[in-house]
Structures are given as C-alpha cells and as structure tokens.
Amino acid sequence: MFRLEVKNQLQSTLFYKLGLDVLIHKIAYACCLSTAGIFLAFTSKAQNQKVADSLELIYEQKQADEFLDLELIENLAFHHTSAHKKHYYSNLIIEISSEQSDPKWLYRGLILRGHSYRLIGNIDLALQDYFQAATLADSIDFKKGIGGANSAIGDVYSVEGQHSKSIQHYRKAALIFKILEDSVNLATVLLNTGELYRKSEELDSALIFFQRSKVIFNRINYPIGTAYNLGNIGIVLASRGQYVQAEDNMNNAISILQELGDRYAIAAYYTELADVYAQQGKSKKALEYARRSLAIGKEEGLKEQIRDASLKLSEFYIAADDSDQAYYFLKQYNAFRDSINNEETIRKMADLRTEYEVAQKQVELDLLGEQARLNRIVSWSAVFIIALLLVLSVTLLKVNRIKGRAVRIVRQRRRVIAAQRNKLDEVNKTKDRFFSIISHDIRGPVSNFQGISGLINILADSKDEEGLKQLGKMMESSAKEVSVLLDNLLEWALSQEGKIPYLPENVSLKELCESNLSIMANLAAAKKINLIGDKIEELTVVADKNSVSTIIRNLLSNAIKFTPEEGQVNLEVTEQDKYGVVIVRDTGIGIPKNKIEDIFSFKGKRSRGGTKGEKGIGLGLSLVHEFVHLNNGRVEVDSEEGVGTTFKVFLPKEPKEEA
C-alpha cells in the first residue's frame, strides 16, 4: 500500500535556533496505494507548514548569510504544503545556483521543482526536471544524486502505472545506494519496488522485497519504514487468505504509527483491516474498523480516507441488507470522490444547481407572472451561454498551452535521442578501432611461427637434430612472448570504457625496445634479416606504455616486411632537445615519393605485399601516427627507393604543460 520517499539532508544550525527539535528526527514522506487502485498522498513529520511559516519570517528579515540563504530556501521549498510556494522557492534555488555555477544546488532545485509539479499533477514537467537532475548528477559524478533522481523517476512511473519503467529506475537507484551504503534510501527503494510487484499481483516477488526492506529498517532502527513494510506484508498475506498473520502484521504497523502520530497511514491500514475482517465473516469488526478510518479522516480532513472508508461501509451495509445506510455512505463516497477529482468543477456545478433550483421555486410561486418568468429564463440562458463560452475559451487556451508544452518536450527528447545516437556511433567506431589494433598487433608474432614452420621442414629434411633442438627452444620462447603479448592486449582492451586509452607514466625506452626486439627476432631470422639493437640508450619518456610498445612493434614489423633477405634493420634510441627519439632504419625497398605524403592516412591504395609476399591491410603506420600524437609527440620519415627507409619517433621527456 505504501510507497516511501526519503529526504536525507543535514539539518543546519538554523533549525536549532528555531527550537524545532522534531526536525532532528528522521525526515520522510510517503505515498500509499488503496486497494481500489487510487493513490493517496500523505506527509509524515517531514513537511510542516508551521516550520515553513517560521522559516519564511527569517527569510523576509534576511537574518541568514549567503550560504544559509540557499539552505533556508531549500527547506522552505520542502516544508511548504502549498504546491505553488514549493514551485516558487525551488525556482529561486535554480536561479541562484545557475548564477553561482553550483551544480549540486542546481540538482536540488530541479528535484524540488519536480516534486512541486507532481503535486499539481503536471507529470510531464516533473519527469523533465527529474531526468535533467539525473543527467546533471551524472555529469559531476554525484552518485547519491543519480540514485535520488532515479528513485524520483521511478515514483512517477509508479503513479502512472508504468511498472516496468518504474522497476528499471528503482533498480538503478538501489544499486547506487547499495554501493554508497545508504541504508535508508536503499530500504526505501526496495519497499517501493515491492509495492509495484504487489500491484502487478506478483506476490512472491513483493514479499521478497518487503522482507529485505524491513530487515534494513530494523537494523538501522527506522520505525516508520518498519511500519510500512509490516503493513504492506499484511496486505499481501490477506490477498493469499492468511488472515491471522495479515491482522498481526497490520496491527503491529498501526502500533508503531500511533507512536509516530502518522494518522493518515493508520486510517489507510484500518480500511485494509476492515477488509480482512469482512473476508473472515467478522462483520461487526469490519464495520468498527471502517468507522475508525472514517473518523480519523473526518478529524484530520483527509478526503481520500473519507472516500475509501465510505465506499467500504457502503459495501458492508449492502451485504447486511441495510439499504438506508448503504445509500448514505455511497452518496458520501461519490461526493468525496468527485471533490477530490475536481473541486472547482464541483463548486461550479453546485452553484448552477442552486441557481436553477431557486429559479424553479420562483416559477412555482409566481404563476401569474408569466412574462416575468419568461424574462428570467432568457436572462439565465444568456448567463449560461456566456459562462459556457468563457469555459470553452479557457479550455481552448489550456489545450493550446498543453500542445505547446508537448511540442517543446518532444523537441527536447529528440535532441537527447540524437545526442545518444551520436555517442553510440562514436563508441562503435572506437570498438572497431580496438579490434583492428589487437588483430594487427597479433599478426607480427604469429608470422614468426610461419617462418619457423619453414625452417622445421628444412632441418627435418637435412636431419639436423641439433638445429631442431635450437628451433624448439626458439618456438618455446616465441610462444611465451605471444602469450604475454595477448595477455597485455586483452587486459588493455577490456579495461577501456569506449575511448583510446592514454595513461601517461615514466616509460623506459630501452626496456620497451629490448622487449619488442625479442618478439621480432624470429620473424627477422626467418627472412635472414640482421636485426640490430646495439645503439639503445637508457632513456625515460613520459608516455602511455602500451601505445609506445605498439608504435615500436609496428615500425619493426613494417621494416622486416619490406626488407629483402640478407638485409638489415636497426633499432636505436637517442636524445634530442626535450625528446627521446626512437629510430628504425632498414635497407629495404623504400617508399615512392608520391606515397610518402599519404603514408599515415587511409587515402588511396595503401596496402602492398612485402619482399616475400607478406600481406597487410595498411593499418600499422596509421596506428603509429595516431599513437604518436596521442603521446604528444611527432613522427618523421625519410625514404629512398632501393636504398631503405628511416622512421624517427619523438616522444616528450617531460609531462605536457596544461594550458
């Protein structure tokens, strides 16, 4: 029956100055759902108009400093029972926090304004504010704010009967509150989720969530939450026909609520108990508890409880064949139902009915004044037509406003969808780039095994056992290197969140060069290429280790690929100005001058076979260029056909200065 919302906020010294000790207790307000499917709103000791009046006096006298002003306004927005006052003060928070560029206060203002829209029944604008608050909280990594906004969105969808959407947002909120170890909000979301399952008649799931919520509330000694769980569990048990257990649970809930003075909830549970007793054939008790609920409703001015209790009493008296009492309470139910749905419409209808009855009595009293009677009828008809035209005009104006608001909301949502689509496209592109990087890095080491397989055949034909043993050791070494490379690549790829990683640190170029020389040794040996690394200085640069390793590995692989047998590939490391320089020289076939300009891009036909027909896709040098710039460096190339090619990669020795 009950959905609970919690406002967890530090009480400022302002409350102590006011002497409002009651505000130090747990702050909560909740909504309950009747068995007829109509939501009943009630407020516990959180919202308090007397507190709001006192705070308003302080606000008007400007007795608070600049920081306390926002806190004061926030509590005014929360405690005011008037939806329009809530809306005014929440807008004030939004205005001030926007001027001060304070995202957390802006978040609070949006949440409070969303609450005010809910109170006046403007669900679309309430959702708009809650979603904006969630987006804002996410942008500043305000975890508790993300949880609170999702909980509020779940509450709105719950009221609207969209249970699947509500549960989706409750789950997000529960996950965040669990991570934050926020027991009160976590238990509240579990309670509300259980209520949704109860309304969907998934009673087993409802009981599970109510029990989990109750355990948490009991552990942190939060009596109002315990009471709602007991009552809601009682309602589920009653639905299953377990009336004794249901009665015990609801009576225990009522005992706690009586200590807290929560008469709204007590009245609602009295109505439920009346149903339980009626189901057991205990008609006297059923009538007694329905009347108790009605009495509280009248004492507290709770129209919803008067409405629901009246409906129950009319049903009970129908069952008892007491038509007079049944009719009396049915009339009372209809009156309060209509009053709740639209009090202004009821008032106008009552006025018109009164005027009509007066006119009718006048007609009966003045039989001789036929002309006067006709004149009065004409006059009243004119008044009615004018009133009808006014109503139609107001209605058309409201319809136009609603249409305008709907258009704005649709445009806003389209913009959000477009932004999400663009973000998804970017993520997909990055994912494809990851796959290309991993597959390209694996090609080089795997090619080693192709060369080794050829050597195995040669050594086997010549029955060179010693050579085969050495080749076995080489294969074992290559396998270990490939395994390490795969582990590094997979760990690197899995750790990413949709973007090319850049984690700068102090990197030893000598260590990376020697590691990659070892990886490429077998590939070079298979082509009878002399791979030399005797001019590698001990030098440290500030760069991303994985991407620099990829740069070196791709340049070596490229050099070996385009160098003929008996050729030479040199790897050197030197220092120039503020840069560490990695140099890869080869005595290969070289690069045509008309190709050098586009060598780092995907323009034109880039892929060509190696000196032994090796295949490629033209991705390696593009990755080199991208990763060099990622590390705030530059790359230079010098090549002559038939002579060879030299690549120089400049990497900074110091971190990049922030602008």
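## Two helices and a sheet

H5 and H7 run roughly parallel to each other, because an angle under 35 degrees counts as such and theirs is about 10°. The model you are looking at is predicted. Helix H5 covers residues 103-119 and helix H7 covers residues 143-159, and their axes lie 11 Å apart.

Which residues make this contact? From H5 come Tyr-107, Ile-111 and Arg-118. H7 brings Lys-144, Gly-145, Gly-148, Ala-149, Ala-152, Asp-155, Val-156 and Val-159. Sorted by kind, the residues of this contact are 6 nonpolar, 2 polar and 3 charged.

Now let us turn to a sheet. This open sheet has 5 strands with mixed pairing, in the order S5-S7-S8-S10-S9. S5 and S9 stand at its edges; each has a single partner strand, so one side of each is left without a neighbour in the sheet. On average, neighbouring strands here are turned by 15° against each other, direction ignored.

A helix joins the picture too: H20, residues 509-526, packs on the sheet and touches S5, S7, S8 and S10. The direction of H20 makes about 170° with that of S5.

Here are the strands with their residue ranges:

| Strand | Residues |
|---|---|
| S5 | residues 530-536 |
| S7 | residues 568-576 |
| S8 | residues 579-586 |
| S10 | residues 644-652 |
| S9 | residues 634-640 |

How do S9 and S10 pair, parallel or antiparallel? They pair in the antiparallel sense, over 7 bridges. For a closer look, find Ser-639: its bridge partner in S10 is Thr-645.

Notes. Residues are numbered from 1 along each chain as its sequence is written. This is a predicted model: local features need pLDDT of at least 70, side-chain atom pairs count only at pLDDT 80 or more; totals for chains, interfaces and linings use all residues. Side-chain values use heavy atoms; hydrogens and water are left out. Two strands pair if DSSP finds at least two bridges between them. Helices (H or I, at least four residues) and strands (E, at least two) are DSSP runs, numbered from the N terminus. Axes are lines fitted to C-alpha atoms, for helices over the stretch in contact, and angles run from 0 to 180 degrees between N-to-C directions. Contact means heavy atoms within 4.5 Å. Angles under 35 degrees count as roughly parallel, over 145 as roughly antiparallel, 65 to 115 as roughly perpendicular and the rest as oblique. Ala, Val, Leu, Ile, Met, Phe, Trp, Tyr, Cys and Pro count as nonpolar, Asp, Glu, Lys and Arg as charged, and the others, Gly among them, as polar.
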